[in-house]
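Colleague: I would like a close look at one part of this model, namely the charged side chains and how they are paired. Please give the cut-offs as you go.

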Amino acid sequence: MDNKSLRQLEARLWASADNLRANSKLTSNQYCMPILGLIFLRYAFSRFQLVAKELMKERPVRRGRVMPLEASEFRAKSALYLPEAARYDYIVKLPEDIPSQHLTGHDGKPLNTLGEVINNAMVLIEGQSKQLEGILPKNYTIFEEELLRELIRIFNDAALNEVGGDIIGRIYEYFLNKFAKDVAQDDGVFFTPKSLVKMIVNVIEPERGILLEQRCLRLIQYFKGCA
């Protein structure tokens with residue numbers, strides 16, 4: 001993807017997501033990490049699809065049955081193995097009436113909202129990588145169902161199917177910079193960020209700044225490490 005196409009994609013995704021926030025009751029501060037989490041969820045699924053396709057090319061067959069993919073094979077290729085409930089296409093295809101599906105989470109408890117489904121997906125993904133433990137957002141129940149469903153649709157953009165980790169990492173950083181400005185405006189503060197780390201520390205409350213800084217940077221490093 002060339003720079004012009006990437007800039008257009010970044011702007012299109014941001015405009016769509018920001019328009020939804022403007023019509024909600026959520027502040028930029030509340031909106032920030034969940035949106036970044038959805039971008040990561042979308043990235044993880046794209047990466048999963050690409051690696052699964054590669055692994056299936058010469059898949060061994062035993063007793064007429066194609067051998068199932070295993071998590072260790074994905075780790076060997078610097079990719080996350082995603083349980084079905086943590087795959088983006090699974091979430092996209094869920095009907096609006098979530099309770100009718102009788103879903104249960106990782107802890108065996110029923111999942112009755114789309115927010116609960118996504119929270120569960122984040123827990124399942126963290127379970128696949130110690131590098132991600134404790135850094136993915138799990139507060140999607142603060143979103144109205146219609147808003148959350150529309151956000152899932154926005155990041156289901158076909159342009160993200162074949163892009164590498166570095167490209168989505170750049171989209172992630174683009175959103176992060178945009179959110180920094182919005183959060184600052186929400187708080188009545190104006191500043192010009194000089195670096196990614198300083199930006200994050202300055203716009204988030206002191207007691208949460210270091211935590212969010214580490215979470216954002218670790219996700220960016222994860223994107224680039226898997227490119």
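Modeller: What follows goes through the salt bridges and then turns to an arginine without one.

This is a predicted model, in which local features need pLDDT of at least 70 and side-chain atom pairs count only at pLDDT 80 or more, while totals for chains, interfaces and linings use all residues. Residues are numbered from 1 along each chain as its sequence is written, and side-chain values use heavy atoms, with hydrogens and water left out.

Side chains of opposite charge can pair when their charged atoms come close. The structure holds five salt bridges (a side-chain nitrogen of Lys or Arg within 4 Å of a carboxyl oxygen of Asp or Glu). One of them joins Arg153 and Glu150, at 2.5 Å from N to O. Both residues belong to helix H6 (residues 145-154) and are three residues apart, about one turn of the helix. Helices (H or I, at least four residues) and strands (E, at least two) are DSSP runs, numbered from the N terminus. Glu150 is partly exposed, with a relative accessible area of 27%; buried means under 20%, exposed over 50%, and partly exposed in between (1.4 Å probe, protein chains only).

Arg21 and Asp18 form another salt bridge, at 3.7 Å from N to O. They too are three residues apart, about one turn, within helix H1 (residues 3-22). Arg21 counts as buried because its relative accessibility is 17%, whereas Asp18, at 22%, counts as partly exposed.

The salt bridge between Lys77 and Glu54 has its closest N and O atoms 3.0 Å apart. Lys77 lies in the loop between H3 and H4 and Glu54 in helix H2 (residues 28-55), so this pair ties together parts that are 23 residues apart in sequence. Lys77 is partly exposed at 31% relative accessible area, and Glu54 is likewise partly exposed at 41%.

Arg87 is placed in the loop between helix H3 (71-75) and helix H4 (88-92). Arg87 is buried yet has no salt bridge, and the nearest side chain of opposite charge, Asp89, is 5.9 Å away (Lys and Arg count as positive, Asp and Glu as negative; His and the chain ends are not counted). The Arg87 side chain does reach the backbone oxygen of Leu82, at 2.7 Å. Neighbours within four places in sequence aside, Arg87 is in contact with Phe45, Phe48, Tyr81 and Leu82, where contact means heavy atoms within 4.5 Å.

Terms used. Polar contact = N/O pair within 3.5 Å; in protein donor to acceptor, adjacent residues only side chain to side chain.
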